[in-house]
Amino acid sequence: MNKLNINEICERIAVQAPYFAFTELSGLPDRLVQGTFSSEQPLGFENGPVASAEIGRHLAILGSCAAVAWQPAPQIYYLATKARYSKLHDVAPREPGAVFQASAEVLQQDRRSLTAQAIVSAEKPFAHLYCEYQALSESVFLRLFKDYHVPSALSSAPLSEDSPYRESIQLDFDAPVGHSLVAHSQPLAPARCAGHFLDYPAWPVAIMVHTVAQTTSRLLHHIVDREASYTVVKCDLSAYQLVPASEPLSFHTRCISASAYLSHYVFETDVMRNGEIVSSVATELHI
């Protein structure tokens, strides 16, 4: 096991604390990377030791770490474009701040793209993430997203020990209509996405997915007429655009399959900016 320099890895993947939350990184045989993190994002009504969206956040970051850990590399911006979270096993709940281990490997990599997979473990592996990324050089990223630039000195970013990811995004909910629900966010303050592409504040995909969980929970409770807890079995993400933090989003959730007998429900959410879909999330769960 080869201990990796976290500061060097963060510089290469253009992600910093507090969005990057691994406290240890190590290289393993067969070009694997292992990391340790502590849970921090709210579970809401979701069962399990860590929210599925938070698992997605850490494992997607670890996949990009695996892409740069084994070779000298310039700074690359990895934008997740597709991901699938899959539950592997039931694990007993843990207290907030519990420590978990994760491992990631590269499946495919070239100059413009990356595909990686990762698992998170407690006593045993309990969730898996498959993730596809667009890989952008620093010059390309800065050219494409020059309009997103907000100097960090103006963004009042919190210190790394004061993570903004410990709180959910606030939403305004419309009344449910049948098996559909719409919610609206305000623009994100740059400090709410601290560490995610420094000086270019944008909605992290994992934070979008964590926010989708709020609309999914609320619509589920409307359908079953009670505040039920649930387990996420699978979650599929397609991300089409990087959205500046200054833009509010709306979350359009619908239930496409509901079985009270099987306690099984499937939801789809379109995340929209000014009427345009910027990402889509499909969540399969049981209560």
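Here are a few worked exercises on a pocket and the aromatic rings of this predicted model.

**Exercise 1. Work out which residues and elements line the second largest pocket, and what kind of residues they are.**

Step 1: Start with the volume, which comes to about 330 Å³ for the second largest pocket.

Step 2: Now the wall. The second largest pocket has 16 lining residues, and those nearest its centre are Ile 76, Arg 111, Arg 112, Ala 135 and Ser 137.

Step 3: Sort the lining by element. Two or more residues each come from α2 (52-68), β4 (76-87) and β7 (125-137). Of the contributors, β7 gives the most, with three residues.

Step 4: Sort the lining by chemistry. You get ten nonpolar, three polar and three charged residues.

**Exercise 2. Classify the ring pair Phe 22 and Phe 37, then say whether each partner is buried or exposed.**

Step 1: Count first: the model has twelve aromatic pairs.

Step 2: Take the geometry of Phe 22 and Phe 37. Their centres are 5.8 Å apart and the planes make an angle of 85°. Planes over 60 degrees apart count as edge-to-face, and that is the label for Phe 22 and Phe 37.

Step 3: Place the partners in the chain. Phe 22 is in the loop between α1 (6-13) and β2 (24-28), while Phe 37 is in strand β3 (residues 32-38), so the pair links parts that are 15 residues apart.

Step 4: Check accessibility, where buried means under 20%. Phe 22 has 5% relative accessibility, so Phe 22 is buried. Phe 37 has a relative accessible area of 1%, so Phe 37 is buried too.

**Exercise 3. Do the same for Tyr 77 and Phe 141, and find the cluster they belong to.**

Step 1: The centres of Tyr 77 and Phe 141 lie 3.8 Å apart, with 5° between the planes. Under 30 degrees counts as stacked, and Tyr 77 and Phe 141 are indeed a stacked pair.

Step 2: Tyr 77 belongs to strand β4 and Phe 141 to helix α3 (residues 138-144), so this pair ties together parts 64 residues apart in sequence.

Step 3: Both Tyr 77 and Phe 141 are buried.

Step 4: Follow the ring pairs outward. They join Tyr 77, Phe 141, Phe 145, Tyr 148, Phe 197 and Tyr 200 into a cluster.

**Exercise 4. Find which rings have the charged end of Arg 57 or Arg 218 sitting over them.**

Step 1: For Arg 57, the charged end sits over the ring of Tyr 19, at 5.1 Å from the ring centre.

Step 2: For Arg 218, the ring is that of Phe 173, and the distance from its centre is 4.0 Å.

Conventions: Residues are numbered from 1 along each chain as its sequence is written. This is a predicted model: local features need pLDDT of at least 70, side-chain atom pairs count only at pLDDT 80 or more; totals for chains, interfaces and linings use all residues. Side-chain values use heavy atoms; hydrogens and water are left out. On a 1 Å grid over the protein atoms alone, a cavity is a set of points where a 1.4 Å probe fits but cannot get out, and a pocket is an open set with protein on both sides within 12 Å along at least five of seven lines; lining residues have an atom within 4 Å of a point. Grid points are joined across faces, edges and corners, and a volume is the space filled by probe spheres set on the points. Helices (H or I, at least four residues) and strands (E, at least two) are DSSP runs, numbered from the N terminus. Ala, Val, Leu, Ile, Met, Phe, Trp, Tyr, Cys and Pro count as nonpolar, Asp, Glu, Lys and Arg as charged, and the others, Gly among them, as polar. Rings of Phe, Tyr and Trp (its six-membered ring) pair if their centres lie within 6.5 Å; planes under 30 degrees apart count as stacked, over 60 as edge-to-face and the rest as tilted. Buried means under 20% relative accessible area, exposed over 50%, partly exposed in between (1.4 Å probe, protein chains only). A charge sits over a ring if NZ of Lys or CZ of Arg is within 6 Å of the ring centre and within 35 degrees of the ring normal.
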